[in-house]
Amino acid sequence: MEKYEKLEKVGEGTYGKVYKAQDKTTGQLVALKKTRLEMDEEGVPPTALREVSLLQMLSQTIYVVRLLCVEHVDKNGKPLLYLVFEYLDTDLKKFIDTYRRGPNPRPLPPSVIQSFMFQLCKGVAHCHSHGVLHRDLKPQNLLVDKEKGILKIADLGLGRAFTVPLKSYTHEIVTLWYRAPEVLLGSTHYSTGVDMWSVGCIFAEMARRQALFPGDSELQQLLHIFRLLGTPNDEQWPGVSSLRDWHEYPQWKPQNLGRAVPSLEPDGVDLLSKMLQYDPANRISAKAALDHPYFDSLDKSQF
Amino acid sequence: MAANFWSSSHLKLLMDQEEVDVVHSPDKERGLTLEEFKYIKMHMANYIGKLAQFVKVRQRVVATAVTYMRRVYTRKSMTEYDPCLVAPTCLYLASKAEESTVQARLLVFYIKKQLTDEKYRFEIKDILEMEMKILEALDYYLVVYHPYRPLSQLLQDAGMTDMTHLSWGLVNDTYKMDLILIYPPYMIALACIYIASVLKDKDTTAWFEELRADMNVVKNISMEMLDFYDNHKILPEDRVNAIINKLSLKQ
């Protein structure tokens, strides 16, 4: 680890501290993610093993943040695993914030939204083609290179535990805003649709510069969703009323989705509506999304 | 855990036979021949299978463990990485990677109970230390693809599901060789179907032709397997011991 000089702490991820650091010999900027290995009688925790091996497998595409190497160190007899990632200067949450706040609030350029959405769908399609769900997609987990207009998925494999954690080890509440309704309703057999729901929420957030469903409890989260999209029923979503956490809810009628994202063009609203389908089986896949007319005007040769 | 072999690290890690057949210099200095090198790996594959029966894990975990063990020895010597410790540690690591964790305590218990031979006896801390070394030797690439899934799909396609049992057993035997390091899993599956169909006297020529798989590769794999059945099926225990003693692994 002497190879790297820690420059600053850039984040407290769900699973550990993240540092910005510099490779002393090459000058390359990297992100160091420290994973404590609770080595007791059982060696390297299986969760850490799976995370690392999934990252090794998935970080071969430019749409997923690249894992450069893994460093194992013994600090006073306590084993630590450092994951060394490529460094990107910001994340999508901070990126959106610069357009919302600051001296010059303005909408995100439509071409940026379109390009980011394309890269996001590419990355998600890559993960799904490897049978891997992200399960915790949110703007904070999407790293952005402002200059080059590049967006990459990070924190992969971290959400692979069977249930997405409600509280992180730092006791910071994990956000519910991007969580799919089937997860909120306690479905145990969820699939790639959970990520596509999150992608839809992120899409809307870029267009609105604020979250689409900012709930602060699981119930509030569901009510936010129902108020916009209407309360779901077994007709449009077979089996919804048999999900574990289903209750009787107020009956809302679906609102016009376009009104929630007024700055988004009709093709974009159409794609969004396909990502926010209640029945996960009807939700558009990442791969299919790439072929949606919304992306027709995008110069795909740059990817 | 993953579904796409073609963009996997496994594909990129495939090696040529000549690369796999390199006896590392510390081992060479102790007089280990290529044949003995292969013998030990075969013996350790058997040992992993035996341990797996005690701790009750699926065949898939065994296959992954054997693959780890064989990959380790494409990069590290047996002098530095004692096979008697590497084998159970690979099983331990594979059980975690395949999401059916076996406790180190349990593994050590069975090793001690079943094997009186001093050179196989290790403590939990030995396994945990070796786990870290193996992880580094494998460069943390833990996802391995196996011929089992393509085998079922291909048999279904060929309408020969009655040969499942036989060809499944053949696939298990392929781990006694280095085939998994050299060939894509579906090719190994095809070779097993090929051998099974010959044994069962089934005509699969038309089906293979339609697949347009490279029959040279299928036949190469089959030849190696048949050679294994002819020559190596029984591994004399004293021979193994002689080789291990030559490496004088446990000081």
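User: What phi does Gly27(A) take in the hairpin of E2(A) and E3(A)?

Analyst: Gly27(A) has a positive phi near 80°. The hairpin has five residues between E2(A) and E3(A). Keep in mind that this is a predicted model.

User: Happy to. What makes E2(A) and strand E3 of chain A a pair?

Analyst: Two strands need at least two bridges to count as paired. E2(A) and strand E3 (residues 29-36) of chain A have five bridges, in the antiparallel sense, so by that cut-off they pair.

User: And how do you know that strand E1 and strand E2 of chain A pair?

Analyst: The test is again at least two bridges. Strand E1 (residues 4-12) and strand E2 (residues 17-23) of chain A run antiparallel and are joined by seven bridges, so they pair as well.

User: Which residues stand opposite Ala21(A)?

Analyst: Lys6(A) stands opposite Ala21(A) on one hand, and Val30(A) in E3(A) on the other.

User: What makes E1 and strand E4 of chain A edge strands?

Analyst: Each of them pairs on one side only. The open sheet has five strands in the order E1-E2-E3-E5-E4 (chain A), with antiparallel pairing. Strand E4 covers residues 67-75 of chain A, and the twist averages 30° from one strand to the next.

User: How many bridges join E4(A) to strand E5 of chain A?

Analyst: Eight bridges join E4(A) to strand E5 (residues 78-86) of chain A, and the two run antiparallel. Set against the cut-off of at least two, that makes them a pair. In this pairing, Lys75(A) stands opposite Lys78(A) in E5(A).

User: How do you know that Helix H1 of chain A packs on the sheet?

Analyst: By its contacts: Helix H1 (residues 46-58) of chain A touches E3, E4 and E5 of chain A. A contact here asks for C-beta atoms within 7 Å. The direction of H1 makes about 150° with that of E4(A). Angles run from 0 to 180 degrees between N-to-C directions, so a value of about 150° is past a right angle and H1 points largely against E4(A).

User: What makes strand E6 and strand E8 of chain A edge strands?

Analyst: Strand E6 (90-91) and strand E8 (150-153) of chain A each pair on one side only. They belong to an open sheet of three strands with the order E6-E7-E8 (chain A) and antiparallel pairing.

User: How many bridges join E6(A) to strand E7 of chain A, and what does the cut-off say?

Analyst: There are two bridges between E6(A) and strand E7 (residues 142-145) of chain A. The cut-off is at least two, so this pair meets it exactly. Thr90(A) stands opposite Val144(A) in E7(A).

User: Where does Helix H3 of chain A lie?

Analyst: Helix H3 (residues 110-129) of chain A lies across E7 and E8 of chain A, running at about 30° to E8(A).

User: Why is chain A called as compact as a globular protein of its length?

Analyst: The radius of gyration of chain A is 20 Å, and the globule rule gives 19 Å for 303 residues; the two are close, so chain A is as compact as a globular protein of that length. Chain A has nine helices and eight strands, and its C-alpha trace spans about 60 × 45 × 35 Å along the principal axes.

User: Which domains does the assignment give for chain A?

Analyst: Domain 1 (4-86) and domain 2 (90-295). Their C-alpha centres are separated by 27 Å.

User: Over to chain B: how many helices and strands does chain B have?

Analyst: Chain B has 15 helices and zero strands. The radius of gyration of chain B is 18 Å, close to the 18 Å from the globule rule for 251 residues, so chain B too is as compact as a globular protein of that length. The C-alpha atoms of chain B fill a box of roughly 55 × 35 × 30 Å along the principal axes.

User: Where does UniProt place the feature "domain: Cyclin-like" in chain B?

Analyst: The UniProt record, an unreviewed entry, places it at residues 46-136 and 149-227 of chain B. Residues 46-136 of chain B are 73% helix and 0% strand, while residues 149-227 of chain B are 76% helix and 0% strand.

User: What makes up the contact between domain 1 and domain 2 of chain B?

Analyst: The assignment gives domain 1 (14-143) and domain 2 (147-231) of chain B. The contact takes 15 residues from domain 1 of chain B and eight residues from domain 2 of chain B. H5(B) gives the most to the domain 1 side, with eight residues.

How values were computed:
Residues numbered from 1 in each chain as written. Chains lettered and ligands numbered in written order. Predicted model: local features only at pLDDT ≥ 70, side-chain atom pairs only at ≥ 80, totals over all residues. Helix = DSSP H or I, 4+ residues; strand = E, 2+ residues; numbered from the N terminus. UniProt positions renumbered as here; feature names shortened; annotations may be inferred. Contact = placed C-beta atoms within 7 Å. Domains from an automatic or database assignment. Rg over C-alpha atoms; globule rule 2.2 N^0.38 Å.
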